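Reader: I'd love a close look at a single part of this model rather than a quick tour. Could you choose a good place to begin and work outward from there?

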Amino acid sequence: MPKIKDHPLRYELVNELHARPFPTLTVPCHAVYIAIKEPDHAVNRDHSADRSHLLTLLDRHGSAHPPPGATHFSGQMGRHALKWESHTEFVTYSAFGSGVSARAFDPAEADIFPEDWLADAPGTRLTSVLIRVEELPEDEAEMLAKLEAWFEPESLAVSRVVDGAAVIAGDFRIDPAGHMRFAVFVEKAAGARRVGRIVQRLCEVETYRAMSMLGLRKARGLSAALNTLDPQLSRLIAGMNRTEQSPDAVLHTLLEISSELESLAVQFSFRFAATEAYEAIVNQRISVLREARVSGRQSFGEFMMRRYDPAMRTVKSVDARLRSMADRATRAAELLRTRVDVERSAQNQRLLASMDARADLQLRLQTTVEGLSVVAISYYAVNLLGYIAYPLTELVGVSKGLTLALLAPLVILGVWGMVRGIRKKFH
């Protein structure tokens, strides 16, 4: 091929597809998994603290360090294979060891993560899981007897997965040692990579289930706040057509409610969006397991449908309610704006009518004034012309009074014509 310059992110983006490979596990084996999350503002946490915590664990076993800025790491840690991943809101540690303990789900298996090291974690434990992987017994009754002894029958979920390659089981309860427990029984013909994928997906199902359930607590708190705001908004909208209510007072109340709804949307939008994304991952991970029922027991999908889906529907309904109330507040603002515009238009019409009446009165007054002006001007003009014309009329024997009488109509007509011409010129 001819030489061409690569995009600077080409290799980085391709390598991201292979950054988190599934573990390779041989049966029997066990896995210890833990997810750590800061309680608040985990997105903006100090990622260097996560790396420092990882290095502390690796140094205890003399293990190699990940490269600077890495968001994932796989390596050997003593007799266990360690897998570390840094996610948007949390970090996960997975330790895989060969063999299983004589006592099922022995808490000592979790000692790979020392208590003092966990106490110094930059966050809190979101979930921790113990997974026991054994060969699938030929007698299914033997397997079911173990599950009855290990788990709570009332909430036990069992299913055959990945085209019958394995049986997975768990009750989604936290044991006295603080761990969630899952059992995996694998067919002899199942490959090590397939076993690793099954174990990894179980860890992901539990992690993303826990992360998505964080939205339920937020939804319950938000629901209480909406229960307070909803009646206020409903009363405000119902009373907007009352003329005794001032638009200014209604607008002030509406602004308070709208600002409160906007503040709630800012606080909860990220958590609800994250919950939706995590729920999709949980359902996708369960879907790819391709479950089949075992002896009439509930599958993981059925367990989630009965216990998990209602919580997610609650989150979605509260989120939808918040959006609906925000839309109602927006529509109320538009209605209030329409009301104000209508009232303002009516005020303008009344003002124009008042101005018309005032102009008509002014015109009448002006006409009256013009008439008086004609009389006044004519009076002075007649007297002035009388003084001028009297010496002439006296020669012909016309008295002063008759002279003024003869001049008055002529002057009045002249003044009236002059005033009328001036008014026409201005109009």
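Author: Happy to! Let's begin with a single pair of residues: the bridge partner of K37 in strand 5 is T124. Please keep in mind throughout that this is a predicted model. The pair belongs to a longer pairing, in which strand 1 (residues 29–37) and strand 5 (residues 124–135) run antiparallel and are joined by nine bridges. As a general point, strands of a sheet pair through backbone hydrogen bonds, either parallel or antiparallel.

Now step back to the sheet itself. It is an open sheet of nine strands with mixed pairing, and its order is 2-3-4-1-5-8-7-6-9. At its edges are strand 2 (72–77) and strand 9, each of which pairs on one side only. In that order, strand 1 stands beside strand 5, and strand 5 is followed by 8, 7, 6 and 9. That last stretch is the one I'd like to walk along with you.

Take strand 8 (residues 180–186) and strand 7 to start. They are antiparallel, with six bridges joining them. One bridge to look for is that of A166, whose partner in strand 8 is V186. The two strands form a hairpin with five residues between them, and in the turn G178 has a positive phi of about 95°.

On to the next pairing. Strand 6 (residues 157–161) and strand 7 are again antiparallel, this time over five bridges. Here V161 has A166 as its bridge partner in strand 7, while S159 is matched with I168. A166 is a handy landmark, being bridged to V161 and also to V186 in strand 8. Strands 6 and 7 make a hairpin too, with four residues between the strands, and V162 takes a positive phi near 50° there.

How covered are these two strands? In strand 7 (residues 166–174), seven of the nine residues are buried. Strand 6 is mostly covered as well, with four of its five residues buried. For the chain as a whole, 39% of the 427 residues count as buried.

Strand 6 also leads us to the edge. Two bridges join strand 6 to strand 9 (residues 292–293), and the two run antiparallel. R160 is bridged to A292 in strand 9, and strand 9 pairs on one side only.

Let's return to K37 and follow a different thread. K37 is among the residues touched by R271, together with E89, M211, L214, G215, K218 and Y278, if we leave out residues up to four places away in sequence. R271 lies in helix 6 (residues 247–288). Is R271 buried or exposed? It counts as buried, because its relative accessibility is 9% and the cut-off for buried is under 20%. Its side chain makes a polar contact with the side chain of E89, at 2.4 Å.

Some of the residues that R271 touches, including M211 and L214, fall within helix 5 (residues 192–238). That helix has 47 residues and reaches 66 Å from its first C-alpha to its last, close to the 69 Å expected at 1.5 Å a residue. Helix 5 does bend, by about 25° at L226.

For contrast, look at a residue elsewhere in the chain, Y390 in helix 7 (residues 300–395). Y390 counts as partly exposed, at 27% relative accessibility. Apart from neighbours within four places in sequence, Y390 is in contact with V398, S399, K400 and T403. Y390 and G401 are 11 residues apart in sequence, and their C-alpha atoms are 9.4 Å apart in space.

Finally, here is the setting for all of this. The chain has eight helices and nine strands. Its radius of gyration is 45 Å, well over the 22 Å that the globule rule gives for 427 residues, so the chain is more spread out than a compact globule. Along the principal axes, the C-alpha trace spans about 155 × 60 × 50 Å. Of the contacts between residues at least 6 apart in sequence, 73% join residues at least 24 apart.

Conventions. Residues numbered from 1 in each chain as written. Predicted model: local features only at pLDDT ≥ 70, side-chain atom pairs only at ≥ 80, totals over all residues. Heavy atoms only, no water. Buried < 20%, exposed > 50% of the residue type's maximum accessible area, 1.4 Å probe, protein only. Polar contact = N/O pair within 3.5 Å; in protein donor to acceptor, adjacent residues only side chain to side chain. Contact = heavy atoms within 4.5 Å. Expected span 1.5 Å × (residues − 1). Bend = angle between axes of the 7 residues up to and from the residue. Pairing = 2+ DSSP bridges. Rg over C-alpha atoms; globule rule 2.2 N^0.38 Å.
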